[in-house]
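User: I've got a model open and want to check a few of the labels on it. Can you walk me through the reasoning?

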Amino acid sequence: MKEILQPGPSEALASLLDVDLPDLDRDGLPPLWHWFYLLDRPAQADLGPDGHPVRGTIPAPPEPGRRRMWAGGRVRALGPLRCGLPAERHTEVLSTTEKQGRTGRLTFVVTGHRIVQSGAVVVEEEQDIVYRDAASGQVEAAIEEPEVPAAEDEWAIDVSPTLLFRFSALTYNAHRIHYDRDYARDVEGYPGLLTHGPLQALAMAEAARKQGSTGRLAFDYRLVSPLFDHQGLIVRADEGGTAVRDRHGRRTATGTMRSLGR
């Protein structure tokens with residue numbers, strides 16, 4: 001996958017989340033912003049009922065009918081990824097592991113990505129994807145605690161259907177659980193639209209960037225619980241790491257960002 005990186009996707013993301021847009025030619029893309037470039041664009045005929053591609057993609061679903069979830073990952077920014085220059089992405093499956101969970105079979109797939117620009121690897125990444133058996137379609141009743149307002153050192157993002165749809169559009173993600181409420185409820189059994197795992201990871205990385213994290217960085221993150229649109233998204237970063245919670249105080253994602261030195 002090759003392309004000349006243009007500022008448009010970064011400008012769109014900055015507008016979507018109301019975050020600062022850096023000098024993309026001089027400083028390069030902030031951590032995780034490479035997710036809006038070098039995108040797979042599968043043919044409509046290659047999409048399954050859930051909106052994800054079922055063939056011609058890496059990773060490919062282990063078998064028809066399995067549900068796909070993003071569980072976490074690790075990203076190493078080894079140098080600036082700059083706009084105005086060509087870049088190339090290389091992708092491969094690093095490992096596949098079968099396990100038995102309390103809800104049934106689980107297939108864990110680790111996918112590796114390398115992005116090369118000007119002859120050097122500038123991004124190394126591993127993504128953890130989980131495939132599970134199809135849900136019953138029954139919506140589970142959610143028990144929610146009283147709301148915990150965002151503190152002064154927290155960043156609250158209004159997770160509306162519009163925001164989720166626009167984020168899906170920016171990443172060319174057709175997974176219906178993020179924008180089709182009827183499908184999310186009636187087919188996959190969710191109580192609402194699912195907030196993207198990458199959106200939560202990006203929010204954590206942006207919170208760390210506001211704390212001054214720049215340069216050669218490593219960012220590890222884990223998605224620990226589903227987050228739905230009606231539950232909000234509140235992120236916080238400090239020296240101990242960064243985390244996402246819902247408006248009731250339930251933690252849904254954690255991350256750590258560290259410098260790799262010069």
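Analyst: Sure. A pocket here is an open set of grid points with protein on both sides within 12 Å along at least five of seven lines. Keep in mind that this is a predicted model. The second largest pocket comes out at about 420 Å³. Among its 25 lining residues, Asp27, Leu29, Pro30, Pro31 and Gly215 are the closest to the centre.

User: What is the make-up of the lining of the second largest pocket, and which strands supply residues to it?

Analyst: The lining splits into 15 nonpolar, 6 polar and 4 charged residues. Strands β2 and β7 each supply at least two of them.

User: Why do β2 and β7 count as paired?

Analyst: Pairing takes at least two bridges. β2 and β7 (residues 217-223) have 6, in the antiparallel sense, so they qualify. Alanine 77 stands opposite leucine 217 there. β2 (residues 67-77) also runs antiparallel to β5 (residues 120-132), with 10 bridges, so that pair passes too. In that pairing, arginine 67 faces arginine 132.

User: Why is histidine 52 called buried?

Analyst: The cut-off is under 20% relative accessible area. Histidine 52 has 15%, so it is buried. You'll find histidine 52 in the loop between α1 (8-17) and β2.

User: What makes the link between histidine 52 and arginine 68 a polar contact?

Analyst: The limit is 3.5 Å between N or O atoms, with a possible donor and acceptor. The side chains of histidine 52 and arginine 68 are joined at 3.4 Å, so the pair makes the cut. Beyond its neighbours within four places in sequence, histidine 52 also has contacts including Asp46, Leu47, Asn173 and His175.

Terms used: Residues are numbered from 1 along each chain as its sequence is written. This is a predicted model: local features need pLDDT of at least 70, side-chain atom pairs count only at pLDDT 80 or more; totals for chains, interfaces and linings use all residues. Side-chain values use heavy atoms; hydrogens and water are left out. Helices (H or I, at least four residues) and strands (E, at least two) are DSSP runs, numbered from the N terminus. On a 1 Å grid over the protein atoms alone, a cavity is a set of points where a 1.4 Å probe fits but cannot get out, and a pocket is an open set with protein on both sides within 12 Å along at least five of seven lines; lining residues have an atom within 4 Å of a point. Grid points are joined across faces, edges and corners, and a volume is the space filled by probe spheres set on the points. Ala, Val, Leu, Ile, Met, Phe, Trp, Tyr, Cys and Pro count as nonpolar, Asp, Glu, Lys and Arg as charged, and the others, Gly among them, as polar. Buried means under 20% relative accessible area, exposed over 50%, partly exposed in between (1.4 Å probe, protein chains only). Contact means heavy atoms within 4.5 Å.
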